[in-house]
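Me: I would like a close look at a single part, the sheet. Please keep it plain and explain each term when it comes up.

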Amino acid sequence: MADTFNLTDRIALVTGGNGGIGLGMARGLGEAGATIIIAGRNEEKSAAALRELQSAGVRAESLPCDVTDEAAVQRLFAQVRERHGRLDILVNNAGATVRKAPQDFTLDEWNGVMDVNLTSVFLCARAAHPLMVQAGAGKIINIASILSIFGAPYAPAYCASKGGIVQFTKSLAIAWAKDRIQVNAVLPGWIDTELTVGARAQVAGLNERVLARTPAGRWGTPQDLAGIAVFLASAASDFVTGAAIPVDGGYSVS
Ligand code: NDP
């Protein structure tokens, strides 16, 4: 059974893998044997993330990319092809939010959230498809959110984009099953990262509400997402596709 989770010889690309949940998953995938490519925008963060991965014994490199830019995404996947000749695992993790009431959103703010959270998933999955077809199989892991299910008054575009990821995941799963590509969504609960530090600062009482409503009684950590990433990237999940899996300490059932 241990071999089922072994990712040796697999190439994994993690968007936004230079921090937070993406880095937690990158580390888990790398420790399971995969070669990791992290793709983010901030060079300092990427350099620090690479040092962390490499000091944990993970084979890793960084290819800078703004995943909202179609041409940049095409260049990123062309580089992956040139350097590795294949791609086995894609984690669409990059994400962001704008916190304000729906009536106060500008169109640019709305489009900005949609571009980074949802359109990037389309751009990266589309660019990954030929590489995975060529490899004869593939695993795509789309990071949605428990806000794919629940609404939040201060995050309308975020909720819409994350709900969209779940539906897009189902469509990809059906379309690409014949190519032996499994596509699944992960719905993290409240995880302690830069993203939620911002939310805690802006939303009064959030910390207390999260603790009270999460049966596990704590915030999640990026490491809490490593196991699900390894499972969904490995042969252990070959018959799992189109799923939306909460990793939330029980928040969504409480
Ligand atoms: P962070 O803010 O810590 O990380 C977000 C990452 O996305 C950063 O590494 C950032 O890299 C990258 N990123 C943002 N915009 C772009 C872009 N245009 N191009 C490339 N990379 C980009 O947040 P989290 O780790 O918390 O979030 C990771 C994912 O998990 C997101 O999709 C988020 O929505 C989701 N999520 C998080 C939850 C939480 O409680 N934290 C709960 C549910 C879902 P850079 O700085 O280099 O741009």
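Reply: The average pLDDT of the protein is 97, and 100% of the residues score at least 70 (pLDDT is the predictor's confidence in each residue, from 0 to 100). For the complex the predictor gives an ipTM of 0.99 and a pTM of 0.98. This is a predicted model, in which local features need pLDDT of at least 70 and side-chain atom pairs count only at pLDDT 80 or more, while totals for chains, interfaces and linings use all residues. Residues are numbered from 1 along each chain as its sequence is written.

Now the sheet. It is open and consists of 7 strands, in the order S3-S2-S1-S4-S5-S6-S7, with parallel pairing. Strands (E, at least two residues) and helices (H or I, at least four) are DSSP runs numbered from the N terminus, and two strands pair if DSSP finds at least two bridges between them. Strand S3 (60-62) and strand S7 (244-247) each have a single partner strand, so one side of each lacks a neighbour in the sheet. From one strand to the next the twist averages 20 degrees (axes are lines fitted to C-alpha atoms, for helices over the stretch in contact, and angles run from 0 to 180 degrees between N-to-C directions).

At the S7 edge, strand S6 (residues 181-188) pairs with S7 in the parallel sense over 4 bridges. One pair to look up there is proline 188, whose bridge partner in S7 is valine 247.

Helices lie against the sheet too. Helix H2 (residues 43-55) packs on the sheet and touches strand S2 (35-39) and S3 (contact means C-beta atoms, placed from the backbone, within 7 Å). The direction of H2 makes about 175 degrees with that of S3. Helix H4 (residues 107-135) lies across strand S1 (11-15), strand S4 (89-92), strand S5 (138-143) and S6. Against S4, helix H4 runs at about 175 degrees.

The ligand can be located as well. Of the 29 residues around the ligand, those that come nearest are Gly16, Gly20, Gly40, Gly95 and Thr193 (a residue is near if its C-beta atom, placed from the backbone, lies within 6 Å). Helix H1 (20-31) and helix H6 (194-202) are the elements that give two or more residues to this shell. By class, the shell holds 11 nonpolar, 14 polar and 4 charged residues.

Terms used: Two residues are in contact if their C-beta atoms, placed from the backbone, lie within 7 Å. Ala, Val, Leu, Ile, Met, Phe, Trp, Tyr, Cys and Pro count as nonpolar, Asp, Glu, Lys and Arg as charged, and the others, Gly among them, as polar.
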